[in-house]
Amino acid sequence: MKSIQSRLFLMLLTFIILPYFLSVLFIYGYTKNSVEQHELETSHEQMEKLSEELEQYFNDLINLPYILYRNPDLFRIFNNGFEDSIYLDQIAMEKSIETFYLMRKEIRQVRFYLDKDKESFTVYNATISARKSRPDLMKQEVLKKLYNSNKKFIIEPPHQIENYNNAAIVPKSDKTVVMTIHHKVVDVLSNEFLGIISIDIDLDAYARISKSLVQDNEESVLLINSNNRIMYASDPSLIGESITRNLHKLIYEGIETGEDIVISKTLSGPLNQWKLVKITPSHLLFNDVRQTTYTNIFVGIGVGFLGLLMIGIISYKITRPIKLLSSKVRTIEGGIIDVPFTDNREDEIGHLEKHMKDMMNRINLHIEREYKLEIENRENQLKALKSMVNPHFLFNALQSIGAVALRSDSPKVYQLVTSLSKMMRYSIRADQWVLVRDEVDYIKTYLSLQMERFGNNVNYSIKINETILDMTIPSMILQPLVENFFKHCYEVGFYDAHLTIYGDIRGEFLNLVVENDGSSMTLTELQTLRENIYTPPYEGTYAHEHIGLKNIHDRLVLNYGPGAGLELDTNQGEVFLVRIFIPLDPKVTDD
């Protein structure tokens with residue numbers, strides 16, 4: 001049984017603490033989704049803007065070499081080479097190349113390859129190197145790919161700057177990581193391949209554009225080309241490397257780890273099929289939400305602790321007198337009815353104790369009255385049973401009849417009278433305890449008289465286990481059952497009926513069974529008979545003809561408790577069976 005104190009704690013948990021924490025979880029989930037949605041929308045907007053800037057930036061760089069096409073001297077050397085360009089103004093050409101170099105501060109180095117003479121020269125720090133023959137230059141993989149394609153340019157992934165011509169103008173200390181744009185130079189009219197202009201671009205310019213997408217050091221941004229090479233990354237060690245398998249699944253297959261939020265944008269124009277990727281750790285995105293949630297949880301724990309303390313104090317003040325009252329009630333359940341009640345309190349508990357005190361006084365008076373009445377009724381019942389046959393009167397009369405029978409030389413009559421006398425002597429002990437053996441002998445004597453009445457046609461058998469013959473039982477509990485056999489079988493014409501009496505021990509009970517196969521009853525009649533017999537004493541009414549069965553049942557219950565009594569059965573209308581069951585240990589059934 002749950003105490004009131006535990007119920008109060010349960011109510012606090014159910015109606016205050018649990019709803020509070022559920023609301024915190026709901027608000028956290030709702031806020032998290034809102035923040036995530038807002039961040040996704042903001043990031044998408046930023047990436048749209050940034051992608052346009054990157055596309056425009058690279059478009060400008062890629063179109064930058066077309067400015068050189070306007071220089072007739074430079075274009076002439078691509079067509080004819082240095083030796084055949086008799087009209088070449090070398091100073092003007094070099095001035096144009098230096099101007100081109102200085103147009104963008106992110107240009108680190110420019111290489112010019114002239115396919116006519118298979119030679120190249122470079123520009124570094126606005127200084128032009130000497131020409132050098134490079135007949136095997138077009139065998140490089142990236143240049144061969146550009147030459148065999150219809151593309152006008154190709155962007156080589158970031159790498160450390162190279163000294164293309166081993167020129168002295170490029171210091172060995174320069175370890176700058178650059179991205180190279182190789183531009184194919186062709187004759188506009190004939191589409192003849194003339195050479196290649198390679199421009200090394202410092203990463204700082206488009207790195208600043210990409211970095212504008214991140215707002216925290218823990219966030220990262222990636223720029224990935226169509227060949228899955230990293231053209232830029234927040235982590236410098238990743239630049240120029242191929243993307244990992246996990247990152248590929250994360251970006252291209254939408255497989256999330258649950259720890260990072262990945263947003264990608266496919267670029268177009270000169271960066272066709274490139275991807276701009278932003279990776280934001282979830283703990284960074286939801287940091288403020290978590291801090292608010294933790295604050296609410298700590299506040300909830302504090303409120304819960306104060307609530308428990310308040311409930312503890314209140315419940316102690318309320319439940320302590322209730323526990324004392326409950327203890328008094330348990331004392332009454334234990335059989336002690338003289339329990340002192342305190343009725344000096346002015347609250348509801350005081351009124352309850354006062355009413356319980358009055359109730360116990362009335363119950364004690366009622367118990368005393370009912371107990372005396374029950375004792376008196378039991379005595380009257382036994383007297384009523386005995387009054388059916390006045391044993392003292394009959395015993396004295398039978399003694400006189402027996403003496404007359406002997407004088408008249410009638411031994412058979414004397415034998416019958418003697419048997420009947422024994423029965424009368426036994427019936428005087430109707431309110432006493434007897435052995436099972438004595439009860440069986442009495443039944444045998446009764447049956448011998450009935451055989452004289454109905455002749456030797458009476459069919460019966462007695463099967464009593466010897467282990468129970470010396471057990472003690474109330475007297476006269478089998479005779480009414482045997483008498484019912486003759487009343488409901490032989491007296492109504494069932495002369496082939498067979499009476500069976502047997503007894504043994506089954507489990508924790510002594511069983512005595514009286515069964516006949518001559519007369520039975522319907523299920524309705526059996527149910528009515530059971531209701532009459534099992535009705536508590538002096539409650540309801542029952543037929544006079546069944547008073548013997550009810551009397552046996554009531555005597556068993558009175559002597560052994562509710563664990564003893566009668567069971568009636570008809571075995572589906574084939575027999576009529578009465579089983580007496582008596583517990584071997586009455587204390588077990590009383591519990």
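This briefing describes two sheets, a pocket and an aromatic pair in the structure above. The model is a predicted one, and every value below was computed from it. Among its features are an open sheet of 4 strands, another open sheet of 5 strands with mixed pairing, and a second largest pocket that holds about 470 Å³ of space. The structure also holds 10 aromatic pairs, one of which is described at the end.

**The sheet of 4 strands**

- The strands of this open sheet follow the order β9-β8-β11-β10, and their pairing is antiparallel.
- Because β9 (230–233) and β10 (260–266) stand at the edges and have a single partner strand each, one side of each is left without a neighbour in the sheet.
- From one strand to the next, the twist of this sheet averages 15°.
- Strand β8, which covers residues 220–224, pairs with β9 in the antiparallel sense over 3 bridges, and in this pairing L222 stands opposite A233 in β9.
- Helix α5, made up of residues 204–211, lies across β8 and β9, and the helix runs at about 65° to β9.

**The sheet of 5 strands**

- Here the order of the strands is β13-β15-β16-β18-β17, and the pairing in this open sheet is mixed.
- The edges are taken by β13 (459–464) and β17 (565–569), each of which has a single partner strand, so one side of each is left without a neighbour in the sheet.
- The twist in this sheet averages 15° from one strand to the next.
- Strand β16 (residues 509–516) and strand β18 (residues 576–583) are paired in the antiparallel sense over 8 bridges, and the bridge partner of L510 in β18 is I582.
- Helix α12, spanning residues 436–454, packs on the sheet and touches β13 and β15 (498–506), with a direction that makes about 170° with that of β13.
- Helix α15, spanning residues 547–560, also packs on the sheet, where it touches β17 and β18, and its direction makes about 140° with that of β17.

**The second largest pocket**

- The lining of this pocket is made by 16 residues, and those nearest its centre are K151, I154, I155, S226 and N227.
- Both α4 (141–147) and β5 (153–160) supply at least two residues of this lining, and β5 gives the most to it, with 5 residues.
- Sorted by class, the lining of the second largest pocket has 7 nonpolar, 4 polar and 5 charged residues.

**An aromatic pair between distant parts of the chain**

- A pair of aromatic rings is described by how far apart the centres are and by the angle of the planes.
- The rings of F58 and W274 have centres 5.7 Å apart and planes at 65°, and the pair is therefore edge-to-face.
- This pair links distant parts of the chain, since F58 is in helix α1 (residues 4–63) and W274 is in the loop between β10 and β11 (275–281), with the two positions 216 residues apart in numbering.

Key
Residues numbered from 1 in each chain as written. Predicted model: local features only at pLDDT ≥ 70, side-chain atom pairs only at ≥ 80, totals over all residues. Heavy atoms only, no water. 1 Å grid on protein atoms, 1.4 Å probe; cavity = no way out; pocket = protein on both sides within 12 Å on 5 of 7 lines; lining within 4 Å. Points joined across faces, edges and corners; volume = space filled by probe spheres on them. Nonpolar A, V, L, I, M, F, W, Y, C, P; charged D, E, K, R; others polar. Pairing = 2+ DSSP bridges. Axes fitted to C-alpha atoms, helices over the stretch in contact; angles between N-to-C directions. Contact = heavy atoms within 4.5 Å. Phe/Tyr/Trp six-rings, centres within 6.5 Å; stacked < 30°, edge-to-face > 60°.
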